[in-house]
Amino acid sequence: MEKMVNDVLLTTTFTQEDIEYSKKRHVEIFDSEYGFSEFFNKYATAAIDNFPKTYNKEKDFMLIAKVDGKFGGTITFMGEENGVGRLRFFFVEPFTHGKGVGRLVFTTAMDMAKEHLESAKIRLLNEEYRDLEDRLIAV
């Protein structure tokens, strides 16, 4: 899928360079803006690295937003065997804040996810990560 919405190019075509950039920026942004720990960073890095290895075009996608030719943000969707899907690794670059890019990426991903699912179950894992991290640190 590739389409222009206003000045934003949305595409589901990704390269290894996109994976590397997403991995790097995901860790940097979540660390600086939300204070996620090294535990989360290692988890996210490994999971993003694994995405192309397990990618199934019938049930998964990586949606990338490019703004003025620059990487503006991304989100991945991973369909599961039980008809549930996970929206993961969502971020937008700071230069896009306040321009509706995050909303565009997220709503487009939700619409695309609905097309990939047998049911309307979509899991958002941000809070689950934080809860898991808190439980592991407490041990």
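What percentage of the 139 residues in the chain is buried? In this predicted model, buried residues account for 42% of the chain. The accessible surface amounts to about 8000 Å², and carbon and sulfur atoms contribute 52% of that area.

**Overall organisation**

The chain contains 4 helices and 6 strands. Read from the N terminus, these elements follow the order β-β-α-α-β-β-β-α-β-α. Contacts that link residues distant in sequence are well represented: of the contacts between residues at least 6 apart in sequence, 62% join residues at least 24 apart.

**Strand pairing**

Strand β3 covers residues 60-67, strand β4 covers residues 70-79, and strand β5 covers residues 85-92. β4 is paired with β3 through 8 bridges and with β5 through 6 bridges. Strand β2, residues 8-11, is joined to β3 by 4 bridges. The pairings are set out below, each with a bridge partner pair.

| Strands | Sense | Bridges | A bridge partner pair |
|---|---|---|---|
| β2 and β3 | antiparallel | 4 bridges | Thr 11 and Ile 64 |
| β3 and β4 | antiparallel | 8 bridges | Met 62 and Thr 76 |
| β4 and β5 | antiparallel | 6 bridges | Thr 74 and Phe 91 |

Between β3 and β4, Ala 65 also stands opposite Gly 73.

The turns that connect these strands can be described individually. The hairpin of β3 and β4 has 2 residues between the strands, and Asp 68 there adopts a positive phi near 55°. In the hairpin formed by β4 and β5, 5 residues lie between the strands, and Gly 83 in the turn has a positive phi of about 80°.

Burial is a further feature of β3 and β4. Because 7 of its 8 residues are buried, β3 is largely enclosed by the rest of the structure. In β4, 9 of the 10 residues are buried, and the strand is mostly covered.

**Helix α1**

Helix α1 spans residues 16-34 and comprises 19 residues. The distance from its first C-alpha to its last is 26 Å, close to the 27 Å expected at 1.5 Å a residue. Its buried residues include the nonpolar Ile 19, Val 27, Ile 29 and Phe 30, and also Asp 18, Lys 23, Arg 25 and His 26. After α1 comes Gly 35, which has a positive phi near 70°.

**Nonpolar cores**

Which residues touch the most other members of the largest nonpolar core? They are Val 8, Leu 10, Leu 63, Val 101 and Val 105, in a core of 17 residues. Two or more residues of this core are supplied by each of β2, β3, β4, β5 and α3, the last of these covering 101-116. Helix α3 provides the largest share, 6 residues. Another core, of 16 residues, lies apart from this one and has Ile 19, Ala 47, Ile 48 and Phe 91 among its members. Ile 19 is one of the buried residues of α1, and Phe 91 is the partner in β5 of Thr 74.

The surroundings of Leu 10 illustrate the larger core's setting. Neighbours within four places in sequence being set aside, Leu 10 contacts Met 1, Glu 2, Lys 3 and Val 5, together with Leu 63, Ile 64, Ala 65, Leu 104, Val 105 and Thr 108. Among these partners, Leu 63 and Val 105 also touch the most other members of the core, and Ile 64 is the bridge partner of Thr 11.

Key
Residues numbered from 1 in each chain as written. Predicted model: local features only at pLDDT ≥ 70, side-chain atom pairs only at ≥ 80, totals over all residues. Heavy atoms only, no water. Buried < 20%, exposed > 50% of the residue type's maximum accessible area, 1.4 Å probe, protein only. Pairing = 2+ DSSP bridges. Contact = heavy atoms within 4.5 Å. Areas by Shrake-Rupley, 256 points an atom, 1.4 Å probe, with all protein chains shown as cover. Expected span 1.5 Å × (residues − 1). Core = buried A, V, L, I, M, F, W, Y, C linked by side-chain atoms within 4.5 Å.
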